[in-house]
Each structure stands twice: as structure tokens, then as C-alpha cells.
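Student: I've got a model open and want to talk through how its pieces fit together. Can you take my questions one at a time?

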Amino acid sequence: MTTYESDLLQLLNERGYVHQMTDAAGLDALAARQVVPGYIGFDATAPSLHVGSLVQIMMLRRLQQAGHKPIVLMGGGTTRIGDPTGRDESRKMLTDQTIAENIAGIRTVFEKLLTFGDGPTDAVMVNNNDWLGKLGYIELLQEVGTHFTVNRMLTFDSVRLRLDREQPMTFLEFNYMILQGYDFRYLAKEMDVRLQMGGSDQWGNIVNGMELGRRMDGTELFGLTTPLLTTADGAKMGKTAAGAVWLNEEQLPAYDFWQFWRNTDDRDVGRFLKLFTDLPLEEIARLEALEGSEINQAKVVLANEVTKLVRGDDAASSARATAEQTFAGGGMGEDLPTLDIPAEGMRIGAALTALGFTASNGEAKRKIAEGAVKLDDAAIADPGYLIEAPAEGAELRLSLGKKRHAALRKG
């Protein structure tokens with residue numbers, strides 16, 4: 001493994017965050033001699049980020065742990081346009097009020113993972129609408145637009161993918177990369193930011209911003225990207241059949257968040273412990289060396305540690321206690337997902353889908369046919385089975401496989 005002089009690159013490298021760097025030697029030397037302000041941008045398209053963004057948030061945490069200054073850039077301005085990267089279609093337009101509410105919700109997660117303040121290595125959150133919103137369009141085109149060529153922009157994956165699939169890309173979206181490049185130049189000029197980090201799909205946008213800063217101000221800037229994060233079976237990180245795995249409690253209960261990590265593929269445990277926890281590497285090496293059923297111990301540690309970081313100690317303890325009651329003792333657990341059954345009852349397939357255990361009633365029927373569905377530990381073979389409402393104060397336990405359980409109550 002490559003060794004570095006700076007604590008920053010050594011930490012990022014040994015924990016598996018590094019995919020590409022624009023000038024590794026230059027960034028290493030800079031980080032070894034001074035505090036480096038670095039940023040990652042996040043658009044505010046929802047009231048919470050999901051697990052797919054957690055590796056980026058953890059990179060900012062690592063930046064701070066290594067003695068540098070994390071800048072959280074919220075895209076209050078660029079969210080009004082929509083990043084075309086990795087998308088086949090345009091995003092719906094959001095109001096300024098919705099964007100502001102989304103930023104407030106997203107900030108709560110960052111406050112758990114970063115230390116904010118006025119010190120040299122304290123994190124700060126900025127909103128690019130503060131400067132993008134003040135730019136006159138003609139002035140922007142005159143000052144910045146001349147540094148971008150359409151030829152180069154058409155080679156970007158975010159543009160080429162949409163064109164290859166004959167999906168429309170609006171001129172508004174086409175401008176996104178210009179504004180993102182301007183963000184880097186602005187932050188470098190106003191806050192002495194020298195480093196932009198992001199996922200591998202952001203490489204072209206990051207390089208664009210570096211080149212803009214060099215051409216307009218002669219500033220030496222750096223870029224670093226993480227590998228594309230997928231699970232061992234090739235699935236995109238943070239997506240499940242039931243939908244996105246949200247970081248905020250309001251969008252996803254702590255038990256479901258904990259259970260997502262507990263269900264990690266055996267092959268991903270060591271990698272996820274390095275990326276998403278603060279456990280020492282020696283302890284991680286011990287955990288990922290466990291074999292057979294013992295690897296489940298490492299998964300519980302992973303679930304506990306990530307839930308503690310993102311949701312807090314109480315949420316992690318409560319989620320684990322619910323899991324232990326559910327799996328070990330056959331109990332119900334306070335944090336178990338619940339579903340109210342109306343007086344007229346509910347078909348079992350509809351209950352599975354309402355809980356998010358299956359994406360559709362068709363998938364529910366397939367699971368029932370496979371023998372994967374149980375009601376109070378009794379297998380259900382009839383896809384039209386009607387669940388009757390439990391008595392007042394009583395509960396039924398609905399299970400899909402060995403890992404997904406819910407409490408059914410009278411509606």
C-alpha cells in the first residue's frame with residue numbers, strides 16, 4: 001500500500017476512500033505543512049441524505065480527524081437546476097422554501113458527525129445560493145463561460161449518457177457543471193479552500209473547477225474522488241427493494257437503519273467497517289477475519305457503530321435491543337416496524353407491501369410462494385390470506401425470511 005507523508009492522505013488511503021487524485025504528491029505536501037480547507041457539495045433535493053452519501057460525509061469527518069477544515073457546501077442554488085450526473089431524466093423543480101427546509105433537515109446529520117464552530121479546523125456549512133443567486137447571467141457568461149468549451153462539455157459522462165439514450169437534457173441542466181466549477185473557484189478565493197472531494201462520478205466536474213481556478217486566479221487546487229460504492233453483489237449502495245436508506249430518523253426509523261447494516265453481505269463487512277466506523281484498523285482486521293456464523297458478530301458491531309455515529313447512542317442501543325428480542329427471544333421489541341390492521345382485516349400481500357418488505361403485491365405473492373412469509377411463526381402459503389385485526393392491546397408478528405419482522409396491531 002502507498003504511504004504518504006501527511007496524516008490526511010495516509011488516513012484516507014488506508015481506510016479505502018481514495019480512487020483518483022489530481023496531484024497526490026502536491027496534495028500530500030500541502031496537507032503535511034498546513035491546514036487544508038476541503039469541501040464536498042450536496043444538493044438539497046430531499047429532507048434527508050441517504051446511505052449513498054454517507055461515504056462522502058465520512059470523508060469530511062476524516063478530513064477533520066486529520067487536523068484539517070471541512071466545508072459542507074449545500075447546493076441551495078444548484079438544487080434549483082439539478083445535477084444531471086447519473087440521471088436519465090430531469091429533476092422536478094423545487095421551491096426556495098422546500099430547499100431551505102431540506103437543508104435544515106440535512107444539517108442535523110452533519111452536526112452529529114462533524115464539529116462545527118469558528119476554529120481553524122472547525123466545520124462550516126455554506127450555501128451556494130448566497131453567491132450564485134447574486135450572479136447576473138450576462139456577467140457570469142462573460143466572466144466564466146469563456147473558460148468552458150461545448151466540445152469538452154459534450155464528452156462528460158453526465159451529458160453523453162443522456163444523449164446516447166436519446167433522453168432530453170435542458171439547457172438549464174447543461175449549465176450545472178459551469179456553476180459547480182464556479183463554486184470551487186469562489187470557495188478557493190473567499191475561504192482559501194484548496195481541495196474538493198466527491199464520488200468518482202464527479203471527477204470531471206471537480207477537474208473543471210480546478211482548471212477554472214487556475215485560469216482565472218492562478219490558484220493551485222486539488223481533487224480527490226472515492227471509488228464508486230457498490231455492495232459485493234453489484235447493487236448500488238443505499239438502495240433496497242423498499243426504497244432509499246435515509247440517514248434521518250424522520251424518514252427511516254432507527255431499527256430499520258440498524259437492520260440495514262446488520263444485513264450486510266459477509267464480503268462487505270471489513271470494507272464497510274473501515275469506511276463507516278471509527279474502529280481501529282487492528283480491531284477491524286480481527287472482525288473481518290471471523291468466519292462462518294461468527295461473522296454475524298462483526299455485522300452487529302458494524303450496525304451498532306454506524307447507528308451510534310448517525311443516530312446517536314440511544315438509538316443504537318434501542319435498535320439492538322429490539323433486534324435481540326425479535327431474533328433471540330421471539331419477542332416483539334419496541335422499535336419493530338408496526339402496521340395497523342383495519343377492522344375488516346388486510347390481505348397478507350398488501351401488509352408486506354405497506355410495510356416496505358416487498359416493492360409490490362406481485363413480489364409479495366412470489367415470497368409467499370417461496371415459503372418465506374410467516375405470521376406468528378406459522379408459514380403462510382395462501383397469497384390471498386386475510387389477516388384479521390388482533391384484539392385490542394394484542395400484537396401479531398409478520399416475518400419475511402429470517403431478518404425482516406413487523407408488529408401488527410388493531411387499527
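Tutor: Sure. One term before we start: contact means heavy atoms within 4.5 Å. Also keep in mind that this is a predicted model.

Student: Okay, so which strands does helix 3 lie across, and at what angle does it run to strand 2?

Tutor: Go by contacts with the sheet here. Helix 3 lies across strand 2, strand 3, strand 5 and strand 6. Its direction relative to strand 2 is about 165°.

Student: What is the strand order of that open sheet, and which strands stand at its edges?

Tutor: The sheet has six strands with mixed pairing, in the order 1-6-5-2-3-4. The two at the edges each have a single partner strand, so one side of each is left without a neighbour in the sheet. Those are strand 1 (20–21) and strand 4 (124–127).

Student: How many bridges join strand 2 to strand 3, and which residue does Tyr39 stand opposite?

Tutor: Strands of a sheet pair through backbone hydrogen bonds, either parallel or antiparallel. Strand 2 (residues 37–42) and strand 3 (residues 69–74) run parallel, joined by six bridges. Across in strand 3, the residue opposite Tyr39 is Ile71.

Student: Back to helix 3: is it largely enclosed or open, and how many of its residues are buried?

Tutor: Buried means under 20% relative accessible area. Among the buried residues of helix 3 are Leu54, Ile57, Arg61 and Arg62. The helix is largely enclosed by the rest of the structure, because the buried count is 11 of the 12 residues.

Student: What about helix 1 and helix 3: at what angle do they pack, and is the crossing left-handed or right-handed?

Tutor: Helix 1 (residues 7–14) and helix 3 (residues 54–65) have axes 9 Å apart and pack at about 145°. Leu8, Leu11 and Leu12 of helix 1 meet Met59, Arg62, Leu63 and Gln65 of helix 3. Those contact residues split into five nonpolar, one polar and one charged. As for handedness, the crossing is right-handed.

Student: Which residue just after helix 15 takes a positive phi, and of what value?

Tutor: Helix 15 (residues 295–311) spans 24 Å from first to last C-alpha, close to the 24 Å expected. It is largely enclosed too, since 13 of its 17 residues are buried. Just beyond its end, the positive phi belongs to Gly312, at about 110°.

Student: Last one: how many residues of helix 12 are buried?

Tutor: The buried set includes Tyr255, Phe257, Trp258 and Arg262. Helix 12 (residues 254–262) is largely enclosed by the rest of the structure, because the buried count is eight of the nine.

Key:
Residues numbered from 1 in each chain as written. Predicted model: local features only at pLDDT ≥ 70, side-chain atom pairs only at ≥ 80, totals over all residues. Heavy atoms only, no water. Buried < 20%, exposed > 50% of the residue type's maximum accessible area, 1.4 Å probe, protein only. Helix = DSSP H or I, 4+ residues; strand = E, 2+ residues; numbered from the N terminus. Expected span 1.5 Å × (residues − 1). Axes fitted to C-alpha atoms, helices over the stretch in contact; angles between N-to-C directions. Left-handed = near helix turned anticlockwise from the far one by under 90°. Nonpolar A, V, L, I, M, F, W, Y, C, P; charged D, E, K, R; others polar. Pairing = 2+ DSSP bridges.
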